[in-house]
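Colleague: I'd like to learn how to read strand pairing in a model like this one. Could you walk me through it?

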Amino acid sequence: MVLFLCVLSTVTDLSSYLPGNITYKMLSRHHWTSLIVILGSISIITCVQVEDPCKTKSRVVADDKHCDKYWECDNGQSVQYDCPNGLVFAGKHRGVTEGCDYPWRSNYCEYPKIQANPPIGTEHCDWLYGIFGHETSCTRYWTCWNGTATEQLCIGGLLYNENAHSCDWPENVEGCQKHPLCNEDPNGNVPLGKSCNRYWQCQGGYPRLQRCPAMLVFERRSLRCVVPPTEECDIPTTTAPPPEEETPQEVRQPHQSKRPSQEFKENRPRPRN
């Protein structure tokens, strides 16, 4: 069964439908009948064909025109509902909440369908629900849930990709400003002051503090860990470094939401325990 849901617009000026210099008084009974038929035809054109949710197994159907609206059978009647702001209808028991999902997840909102409701923005959130890029950082982004923003962090040299709405490899992300330490080589190594066993490893233009494996030292010429002695460093001792030498506050990483690939993990130098 199919429902025909029609919206009739109020006509405030019939003169626009009258030909030439015809006035209201000059209209005969036949003319009035013809005019009513014309207006009725116009109203029929605005009808939208919607499947009756009460005749479907799921009892829920998508709106034919707006992807952020859907119809649900409520006590035998077809009732229209809105998805939370920023989400579109994905299907019963699908999506992130109430059968609604992010627009980019699938073909939920393809042309000619559009979102009927305008965005409702809060701090860091363009819509009440969604994932949005950080204002000043390429490695961070915001997840918004009912207007509340939570800061997230990409790890392992990954950057936030606005188009994919997820963390991605730097070569897939355009327009990100790199860290000054990594200007010469976005994926190279940089000495850390006069330290013999610690150095910066640039990953996609962002430095990560690393330590050479046991009994090796960092050589400034080759920019890698080698067997000592070198011009700058002697054979290191096995004494564990004091706690204050651990990763500086500015490069410590909070809990991460994304993981790099297994291949990246295998190639990454492992710090000494």
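Colleague: How many bridges join strand 9 to strand 10?

Modeller: Keep in mind that this is a predicted model. To call two strands paired, you look for at least two bridges between them. Here strand 9 and strand 10 (residues 148–153) are joined by 6 bridges and run antiparallel. To see one opposite pair, find Trp145, which faces Thr148 in strand 10.

Colleague: And how many residues lie between strand 9 and strand 10 in the hairpin?

Modeller: There are 2 residues between them, and Asn146 in that turn has a positive phi of about 55 degrees.

Colleague: Which way do strand 8 and strand 9 pair?

Modeller: Strand 8 (residues 130–133) pairs with strand 9 (residues 140–145) in the antiparallel sense, over 4 bridges. Look for Gly130, which sits opposite Cys144 in strand 9. A hairpin links strand 8 to strand 9 too, through 6 residues.

Colleague: Now the other sheet. In what order do the 3 strands of the open sheet come?

Modeller: The order is 3-4-5, with antiparallel pairing. Strand 3 (60–62) and strand 5 (77–82) are at the edges with a single partner strand each, so one side of each has no neighbour in the sheet. Ignoring direction, neighbouring strands of this sheet are turned by 30 degrees against each other on average.

Colleague: What is the bridge partner of Ala62 in strand 4?

Modeller: That's Tyr70. Strand 3 and strand 4 (residues 69–74) pair over 3 bridges, in the antiparallel sense.

Definitions and conventions:
Residues numbered from 1 in each chain as written. Predicted model: local features only at pLDDT ≥ 70, side-chain atom pairs only at ≥ 80, totals over all residues. Heavy atoms only, no water. Axes fitted to C-alpha atoms, helices over the stretch in contact; angles between N-to-C directions.
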